[in-house]
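Work through the exercises below with the model open. Each task is followed by a solution in steps.

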Amino acid sequence: MTVDADLPAGVPGIDVPRLADWLARELPGAGRIGAVDLIAGGRSNLTYGITLAGGRRIVLRRPPLGHVLPTAHDMGREYRVLTALGDATAVPVPRTLAFCDDEDVIGARFYLMDFVDGRVLRTREDADDLTPAQARGLSEALAGALAAIHTVDVKAAGLEDFGRPTGYMARQLKRWGKQWDGSQEAIKATGNVHDLPEYDRLVARLADRLPADAPARLVHGDFRLDNALARLEPRPEIAAVVDWEMSTLGDPLSDLGLTLVYWAEAGDAEQLPVGATITSAPGFFTRREFTERYAELTGFDLADLDFYVAFACFKLAVILEGIHARFLQNATVGEGFDQIGAAVPLLLGRAHAILDAGSPW
């Protein structure tokens with residue numbers, strides 16, 4: 001390995017000299033690394049901006065530091081789906097550049113993609129310069145992006161073997177249950193306990209309501225406004241959908257349910273520490289309006305939507321419990337992790353309330 005004395009200092013999760021050496025081999029002519037920075041946002045896989053000689057910006061994605069749940073954070077799958085969608089569909093995604101399977105380079109598998117110019121819209125403060133018309137346009141664009149993902153011809157895109165849609169929701173329930181158990185063990189190892197008795201009862205209720213298999217469709221797995229890059233001019237649009245680490249083939253309504261859990265409204269009694277609270281600003285669709293537009297675009301039957309929203313609460317609770325475990329291990333990079341653990345019982349309670357009411361609203 002050659003060492004360039006002019007390379008920038010490293011950041012957590014990146015060995016800059018090793019990365020520079022690999023980059024020179026895999027992307028010859030890309031130029032010397034001028035800067036590496038952790039891009040704000042994202043509480044799971046880590047996203048870094050890399051500035052190359054001449055000012056070109058590219059993006060690196062790698063798994064999180066510390067406690068990593070089994071089967072999660074598969075960089076190869078994320079790279080594959082982005083490459084397939086960019087080559088063959090109208091789904092807006094960044095262009096992929098290279099994939100590294102050698103963990104010795106930076107300590108984990110990673111991939112590179114083009115930097116996409118766009119805004120991550122998350123908080124109410126981010127809405128300060130949005131008009132209600134722009135907010136409504138973004139709502140429309142996001143519903144269109146979700147519908148575009150769910151209507152991809154997976155065979156034409158080369159993704160027909162990207163997952164096993166048969167028994168998808170049953171496997172999801174089992175998979176996330178195992179992830180929950182793994183996080184509980186990790187939390188106990190830190191000397192802490194997160195006692196949540198409503199979890200087991202929710203798992204039993206969801207198991208009793210498992211729907212019949214849906215046709216094989218691409219699902220994103222974590223679809224929300226702040227997992228997209230938005231542009232406002234000349235008209236509101238989604239420049240790219242990002243964070244594809246949990247994508248697979250399965251039931252598209254699992255995506256819709258999760259989007260609705262993330263979607264904040266002005267009258268909500270409580271706000272989660274994840275998702276885009278900006279959607280509570282004037283002009284944005286309500287959850288019902290977003291659902292109606294999605295139904296218009298896809299023609300899908302939404303009769304069991306209460307189950308999918310409750311299941312999304314369960315899934316998000318498991319994800320946040322895993323993040324909480326990494327926080328307790330002092331293995332998180334970024335801000336806001338101290339609030340994550342408190343959101344888990346809120347989500348479990350919300351799931352029970354939805355199933356009790358028999359309505360996602």
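**Exercise 1.** Locate Ala310 in the chain and decide whether Ala310 is buried or exposed.

Solution. Step 1: find the element. Ala310 is found in helix H8; helices (H or I, at least four residues) and strands (E, at least two) are DSSP runs, numbered from the N terminus. This is a predicted model, in which local features need pLDDT of at least 70 and side-chain atom pairs count only at pLDDT 80 or more, while totals for chains, interfaces and linings use all residues. Residues are numbered from 1 along each chain as its sequence is written, and side-chain values use heavy atoms, with hydrogens and water left out.

Step 2: read the accessibility. Ala310 has a relative accessible area of 0% and is therefore buried (buried means under 20% relative accessible area, exposed over 50%, partly exposed in between; 1.4 Å probe, protein chains only).

Step 3: list the contacts, where contact means heavy atoms within 4.5 Å. Leaving aside neighbours within four places in sequence, Ala310 is in contact with Leu206, Ala351, Ile354 and Leu355.

Step 4: set sequence against space. Ala310 and Leu297 are 13 residues apart in sequence, and their C-alpha atoms are 23 Å apart.

**Exercise 2.** Describe the surroundings of His324.

Solution. Step 1: His324 is placed in helix H8, residues 305-328. Step 2: His324 counts as buried because its relative accessibility is 13%. Step 3: not counting residues up to four places away in sequence, His324 touches Ile187, His194, Ile340 and Gly341.

**Exercise 3.** Examine the backbone at Pro234, Asp243 and Asn330.

Solution. Step 1: recall the usual case. Most residues other than glycine have a negative phi, and most peptide bonds are trans.

Step 2: check the proline. The peptide bond from Glu233 to Pro234 is cis, with omega near 0°. Pro234 sits in the loop between strand E7 (228-231) and strand E8 (237-241).

Step 3: check Asp243. Its phi is positive, near 60°, and Asp243 lies in the loop between E8 and strand E9 (248-250). With 14% relative accessibility, Asp243 counts as buried.

Step 4: check Asn330. Phi of Asn330 is also positive, near 60°. Asn330 lies in the loop between H8 and helix H9 (340-357), and its relative accessible area of 72% makes Asn330 exposed.

**Exercise 4.** How many salt bridges does the rule give, and which parts of the chain do Asp306 and Arg209 link?

Solution. Step 1: apply the rule, a side-chain nitrogen of Lys or Arg within 4 Å of a carboxyl oxygen of Asp or Glu. The count comes to 25 salt bridges.

Step 2: take Asp306 and Arg209, whose side chains meet in a salt bridge (3.2 Å, N to O). This pair links distant parts of the chain, 97 residues apart: Asp306 is in helix H8, and Arg209 is in the loop between helix H5 (198-208) and strand E6 (217-219). Asp306 is buried at a relative accessible area of 6%, whereas Arg209, at 32%, is partly exposed.

Step 3: take Arg287 and Asp268, whose closest N and O atoms are 2.9 Å apart in a salt bridge. Arg287 is in helix H7 (residues 287-298) and Asp268 in the loop between helix H6 (252-262) and H7, 19 residues apart. Arg287 is buried, with a relative accessible area of 17%; Asp268 counts as partly exposed at 24% relative accessibility.

**Exercise 5.** Describe the interface of domain 1 and domain 2, and the salt bridges of Arg61.

Solution. Step 1: set the bounds. Domain 1 covers 16-114 and domain 2 covers 119-357; these bounds come from an automatic or database domain assignment.

Step 2: give the extent. In contact are 29 residues of domain 1 and 39 residues of domain 2.

Step 3: count the salt bridges. The rule finds three across the interface of domain 1 and domain 2. Arg61 and Glu245 meet through their side chains in a salt bridge (3.6 Å, N to O).

Step 4: follow Arg61 further. The side chains of Arg61 and Glu78 also form a salt bridge (2.8 Å, N to O). Arg61 lies in strand E3 (residues 57-62) and Glu78 in helix H2, so this pair ties together parts that are 17 residues apart in sequence. Both Arg61 and Glu78 are buried.
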